[in-house]
Amino acid sequence: MAIQSALQCDIREPYSTIDTKCAILNSIWGTKFVPQQFSKDMSLGNSYLRYYSEQCINALHSNGINDIVSTHADIVGIVERLREPDLTRESLKDHLREKFPNLPPDNSEALVCETIDLAVRLWLMIDVGELFHGFVPGQKSLSWERGVLKDLLVNYISPPITMPMRVVRVKLDRIFTTRNLERIAGLQIIWTSNILDHLRLMVDDTRIAIYHHASCLEYHKNNPLFPQGFIDETIRTLSLLFPEYDKKSRKWFKAQRNKYDLDEKASTSGHLTTEERQIENFVFWHDRLGILKQVFDEAEPSTIAQWWRDRRRRVQWYTFWVAAMVLALTIFFGMIQCIEGGFQVYKAYYPS
């Protein structure tokens with residue numbers, strides 16, 4: 001009863017009270033948070049709730065959608081229906097039409113579809129449907145037009161039944177971290193809230209999308225809509241890219257988190273052993289990791305700073321800097337000789 005009362009707030013105000021914040025997370029994530037936990041940790045669920053707020057505000061740009069969803073309870077009610085096994089999009093649309101019979105006849109189909117897509121996005125953090133507002137360049141969205149949502153996700157996410165030998169045995173080295181993707185390979189990191197964009201290279205392979213909502217992943221581990229093992233493997237990609245043992249990576253991520261309000265749990269997902277970093281241990285993210293590793297390996301330093309940071313090829317690194325040092329010393333001593341020679345000529349003409 002207390003949860004229902006806390007959810008009766010306008011969807012434009014997700015942070016109105018701690019009770020509302022707690023009720024939203026418990027209803028959508030299936031958690032059992034209590035308000036006291038939020039008093040002790042004010043950042044709890046913040047990155048997700050910011051996404052939740054943005055999605056709601058973007059959806060409200062569509063005229064009439066607030067006739068269907070105006071409170072958090074309205075959204076949670078649709079999410080509860082989405083949890084039903086074998087629920088089809090058609091049956092959910094019929095349910096909403098029956099519940100809201102006074103929708104504008106010329107716009108009812110669009111409003112019902114936008115409402116369903118909004119509920120899916122807020123529940124699974126997957127961009128479903130057309131994003132009329134808040135669109136990010138390079139972002140991909142999934143189209144759910146009919147049938148069961150689980151079938152759509154399984155068909156989209158699952159790898160081929162028989163995986164061909166696409167990449168030879170490749171170890172994703174300890175240096176293969178998000179921090180080094182930026183510092184060494186020069187890739188721009190795009191923090192995404194769409195799990196299907198995770199590890200996607202964009203804009204001529206100059207940007208890489210990273211899904212950072214590790215907290216959301218933890219609460220979806222037992223969600224039957226996702227293919228078995230998909231969530232666990234996604235968490236392992238975060239362990240790969242943000243190794244907990246790497247102090248420099250943790251420091252770099254902390255700066256990024258403060259700047260972009262990221263989920264702090266993304267950098268506390270553990271670390272992988274040498275055997276676990278073999279690329280064949282990744283089934284769902286195999287191809288994207290393989291392409292990203294190729295881009296990383298083929299990236300050549302373009303600035304002095306990148307030459308200094310890039311130690312993937314130790315022999316080449318030492319050769320370059322020894323040559324640079326010899327060149328610098330040659331120029332330095334050459335200048336000294338020039339100055340000394342000029343001074344001697346001057347003394348020859350003007351002896352003291």
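In the predicted model, T71 touches L7, Q8, C9 and I11, when residues up to four places away in sequence are not counted. T71 itself is placed in the loop between α4 (46–59) and α5. With a relative accessible area of 13%, T71 falls under the 20% limit and is therefore buried.

The loop that holds T71 leads to α5, a helix that spans residues 72–82. L82 belongs to this helix. Its relative accessibility is 4%, so L82 counts as buried. Leaving aside residues up to four places away in sequence, L82 is in contact with L87, L92, A119, V120, W123 and W144. A further relation in space links L82 with L149: the two residues are 67 residues apart along the chain, and their C-alpha atoms are separated by 8.3 Å.

Helix α5 also packs against α6. The two axes cross at roughly 145° and come within 11 Å, and the crossing is right-handed. I78, R81 and L82 make the contact from the side of α5, while L92, H95 and L96 make it from the side of α6. By class, four of these residues are nonpolar, one is polar and one is charged.

Helix α6 (residues 89–99) packs in turn with helix α7 (residues 108–124), at an angle of about 115° and with the axes 10 Å apart. This crossing, too, is described as right-handed. On the α6 side the contact involves R89, L92, K93, L96 and R97, which meet E109, V112, C113, T115, I116 and D117 of α7. The residues of this contact comprise five nonpolar, one polar and five charged. L92 and L96 of α6 thus take part in the contact with α7, and L92 and L96 also belong to the contact with α5.

Residues of the N-terminal helices were examined in the same manner. I28 is located in helix α2. The relative accessible area of I28 is 1%, and I28 is therefore buried. Among residues more than four places away in sequence, I28 touches Y48, Y52, R83, L122 and W123. One of these partners, L122, lies 94 residues from I28 in sequence, yet the C-alpha atoms of the pair are 8.0 Å apart in space. W123, another partner of I28, is also among the residues touched by L82. V34 is placed in the loop between α2 (18–29) and α3 (35–40). Unlike a buried residue, V34 has a relative accessible area of 37% and so counts as partly exposed. V34 and A23 are eleven residues apart in sequence, with a C-alpha to C-alpha distance of 8.8 Å.

Backbone geometry was considered next. Most residues other than glycine have a negative phi. In the loop between β2 (201–202) and β3 (207–211) lies V203, whose phi is near 50°, a positive value in a residue other than glycine. The relative accessible area of V203 is 44%, so V203 is partly exposed. D205 is placed in the loop between β2 and β3 as well. The phi of D205 is near 60°, again positive in a residue other than glycine. At 41% relative accessibility, D205 is likewise partly exposed.

Internal space was then assessed. Three cavities of 30 Å³ or more are counted in the model. The second largest cavity has a volume of about 40 Å³. Its lining is formed by D173, R174, F176, T177, S239, L240, P243, Y245, H271, L272 and R277. By class, this lining has five nonpolar, three polar and three charged residues.

For the protein as a whole, 15 helices and three strands are assigned. Of its 352 residues, 45% count as buried. Among contacts between residues at least 6 apart in sequence, 64% join residues at least 24 apart. The pair formed by I28 and L122 is one of the contacts that link residues distant in sequence, at 94 residues apart.

Notes:
Residues are numbered from 1 along each chain as its sequence is written. This is a predicted model: local features need pLDDT of at least 70, side-chain atom pairs count only at pLDDT 80 or more; totals for chains, interfaces and linings use all residues. Side-chain values use heavy atoms; hydrogens and water are left out. Axes are lines fitted to C-alpha atoms, for helices over the stretch in contact, and angles run from 0 to 180 degrees between N-to-C directions. Helices (H or I, at least four residues) and strands (E, at least two) are DSSP runs, numbered from the N terminus. A crossing is left-handed if the near helix is turned anticlockwise from the far one by less than a right angle, and right-handed if clockwise. Contact means heavy atoms within 4.5 Å. Ala, Val, Leu, Ile, Met, Phe, Trp, Tyr, Cys and Pro count as nonpolar, Asp, Glu, Lys and Arg as charged, and the others, Gly among them, as polar. Buried means under 20% relative accessible area, exposed over 50%, partly exposed in between (1.4 Å probe, protein chains only). On a 1 Å grid over the protein atoms alone, a cavity is a set of points where a 1.4 Å probe fits but cannot get out, and a pocket is an open set with protein on both sides within 12 Å along at least five of seven lines; lining residues have an atom within 4 Å of a point. Grid points are joined across faces, edges and corners, and a volume is the space filled by probe spheres set on the points.
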